[in-house]
Amino acid sequence: MKSVTHYALGALVTGAVAPPLSRAVGLDLTPAELAVGVAIGTLAGVLPDIDTPRSVVTHGLLPLRGRGASAAVLLGQLLSIPPRAVGVLARSVFEHRGATHSLAFAAIWAVLAAPLYAALGCALIVGSGYMVELIAQLVAGADPLRMDPTAVVSWIVTRASGAMPLVILCVLCGYLSHLLADAMTIAPIRLWWPSRRRVWVLPRPLRIKTGGSFERYLLQPLAVIGAVAVIVVQVGIPLCNASAVL
Ligand SMILES: [Zn+2]
């Protein structure tokens, strides 16, 4: 399916499923945590398509254009570094809708997402810190700031481990929404990879054509409306109530 449909379904499924699921596993999400979780699930909604060079995830995760979108584009480019790194390997080894469209890869991404982004954060912060020090020394002859990289790494690792349950839950929601949506289309997925068994969830006459009229004029608008409604009900209203109490 198209990336907009996957983004919307990722947000919709995460917003609808994460709260009851988190309570069931003893992880009661606050509205603010759920807001972060919905953002994670939305991005995870396009992750399986790292196996094709045509997908949005291989060109930056936030498909925004035009004036004023530069910051979002830069953020999208940064967020897409880990998926792109995995995608280079995936595209050289797997076919489209193969391994990355499986429960096994959903579990791998759920476990790897927080550590991968923590490593990216460490590299960016430590690297840019050293760059600032170097420029200050070259331009102004300033004393070195003597940044302590181990303190930065330990701060990020602590935050990343604390966020692991939330990230695992929401990556799974977004990722599985993509697998379910693709399994509703004409082309099958290999849900049980490494088994070669191909999976559809709909009988042949009801299977959806990717980018066809049904997706563009019905499924996609409904998914967007559903995602907005779920975000307002699950995140917006509880946040407003919490700020009113404060
Ligand atoms: Zn896909």
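Me: A salt bridge is a side-chain nitrogen of Lys or Arg within 4 Å of a carboxyl oxygen of Asp or Glu; what makes Arg-190 and Glu-95 such a pair?

Reply: This is a predicted model, in which local features need pLDDT of at least 70 and side-chain atom pairs count only at pLDDT 80 or more, while totals for chains, interfaces and linings use all residues. Residues are numbered from 1 along each chain as its sequence is written, and side-chain values use heavy atoms, with hydrogens and water left out. The closest N and O atoms of Arg-190 and Glu-95 are 2.9 Å apart, so the pair meets the 4 Å limit. Arg-190 sits in the loop between H6 and H7 and Glu-95 in the loop between H4 and H5, 95 residues apart in the chain; the helices that name these loops are DSSP runs (H or I, at least four residues), numbered from the N terminus.

Me: Why is Arg-190 called buried, and what is Glu-95 called?

Reply: Arg-190 has a relative accessible area of 9%, and it is therefore buried, a word kept for values under 20%, with exposed meaning over 50% and partly exposed the range in between (1.4 Å probe, protein chains only). Glu-95, at 40%, is partly exposed.

Me: Which side chain does Asp-182 meet in a salt bridge?

Reply: Asp-182 meets Arg-97, with 3.4 Å from N to O, and because Arg-97 lies in the loop between H4 and H5 and Asp-182 in helix H6, the pair ties together parts that are 85 residues apart in sequence. Arg-97 counts as buried at 9% relative accessibility, and Asp-182 counts as buried at 1%.

Me: How do you know which residues are the protein donors of the zinc ion?

Reply: Donors are N, O and S atoms within 2.8 Å of the metal (3.2 Å for Na, K and Ca), although water is not among the atoms, so sites may look incomplete. Asp-49 (OD), His-101 (NE2), His-178 (NE2) and Asp-182 (OD) lie 2.0 to 2.2 Å from the zinc ion, and therefore they pass the 2.8 Å limit. Their spacing in sequence reads D-x51-H-x76-H-x3-D. Asp-49, in the loop between helix H2 (31-44) and helix H3 (70-79), and Asp-182, in helix H6 (residues 149-183), are 133 residues apart, and both of these residues are buried.

Me: Why is the site of the zinc ion called irregular?

Reply: The angles among its four donor atoms run from 89 to 172°, and the site is not tetrahedral because that would require all angles to lie between 85 and 135 degrees. The site is classed as irregular, the name for anything that is neither tetrahedral, nor square planar (four donors) or octahedral (six), where opposite donors are over 155 degrees apart and all others between 65 and 115.

Me: How many aromatic pairs does the structure hold, and what makes Phe-94 and Trp-193 one that is edge-to-face?

Reply: There are three. Phe-94 and Trp-193 have 5.5 Å between centres and 80° between planes, which means edge-to-face, because ring centres (six-membered ring for Trp) must lie within 6.5 Å and planes over 60 degrees apart earn that name, with under 30 stacked and the rest tilted. Phe-94, in the loop between helix H4 (81-93) and helix H5 (103-140), is 99 residues from Trp-193, in the loop between H6 and H7. Phe-105 and Trp-193 are also edge-to-face, at 5.9 Å and 75°, and Phe-105 belongs to helix H5. Phe-94, Phe-105 and Trp-193 form one aromatic cluster.

Methods:
Helices (H or I, at least four residues) and strands (E, at least two) are DSSP runs, numbered from the N terminus.
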